[in-house]
Amino acid sequence: MTFARLHEVEPTTIAAHMSDPRMAEHMPLLSMDWDASVAEKFIANKEESWARDGLGHWAFFADGRYVRWGGFQKEGDEWDFGLVLRPDSFGLGTRIAKKAIEFAVADDRIPYVTFLMPPSRKNLGALKRLGARHVGEVTYDGANFLKYHLETS
């Protein structure tokens, strides 16, 4: 499993990933059609996070093959962690999350991590196994999410 910056992935690859209709099932904020242009803007936006905060989203590769994107995003004073999985790679989520959380534990800027999960997600056992605890519900950009908190320090 390797991590790379999103700009190392062809925008058409990310557009195809985000255009899979199964993605919208658990992504209440996914409201647009994706093409290479939308993916390029998305990548540029995520790269701005790296420039501003020194951390952001990665592309994840398994055996050299792109399998998903995700990472840390600053939400106010909190570092939120999210994964957007390709349907053919769902089983790799826990492995990637563990590796990312190890990164957070080693980074003094991140005393804890939050996770925002759509209420449609019913299988949240992986979050509990990581040690995250449910802290409530929040509305983000008009969509409801279940919020989890994980201490990293």
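A search of the whole structure, which is a predicted model, identified 13 aromatic pairs. Rings of Phe, Tyr and Trp (the six-membered ring of Trp) were paired if their centres lay within 6.5 Å, and planes under 30 degrees apart were classed as stacked, over 60 as edge-to-face and the rest as tilted. In one pair, Phe-3 and Phe-60 have ring centres 4.5 Å apart and planes at 80°, so the arrangement is edge-to-face. This pair joins distant parts of the chain, with Phe-3 in strand β1 (residues 2-5) and Phe-60 in strand β2 (residues 57-62), 57 residues apart. Helices (H or I, at least four residues) and strands (E, at least two) are DSSP runs numbered from the N terminus. Phe-60 is buried, at 0% relative accessibility, whereas Phe-3 is partly exposed, at 23%. Here buried denotes under 20% relative accessible area, exposed over 50%, and partly exposed the range in between (1.4 Å probe, protein chains only). Phe-60 also pairs with Trp-58; the centres are 6.3 Å apart and the planes at 55°, so this pair is tilted. Trp-58 is buried, with a relative accessible area of 7%.

A single aromatic cluster is formed by Phe-3, Trp-50, Trp-58, Phe-60, Phe-72, Phe-81, Phe-103 and Phe-115. Over the face of Trp-50 lies Arg-5, at 4.1 Å from the ring centre. For such a placement, NZ of Lys or CZ of Arg must be within 6 Å of the ring centre and within 35 degrees of the ring normal.

The largest nonpolar core (buried Ala, Val, Leu, Ile, Met, Phe, Trp, Tyr and Cys residues joined through side-chain atoms within 4.5 Å) has 25 residues, and Phe-72, Val-113, Phe-115 and Tyr-148 have the most contacts inside it. At least two residues of this core come from each of β2, β3 (65-75), β4 (78-85), α3 (93-106), β5 (112-117) and β7 (143-151). The greatest contribution, five residues, is that of α3. A second, separate core of 16 residues includes Leu-6, Trp-34, Ala-39 and Phe-61.

The buried residues of α3 are Gly-93, Ile-96, Ala-97, Ala-100, Ile-101 and Ala-104. These residues cover an arc of only 135° around the axis (taken from the directions from the helix axis to the C-beta atoms), which puts them on the same side of α3. The face turned away from that buried side carries the exposed residues Glu-102 and Ala-106.

Residues are numbered from 1 along each chain as its sequence is written. Local features required pLDDT of at least 70 and side-chain atom pairs pLDDT 80 or more, while totals for chains, interfaces and linings use all residues, and side-chain values use heavy atoms, with hydrogens and water left out.
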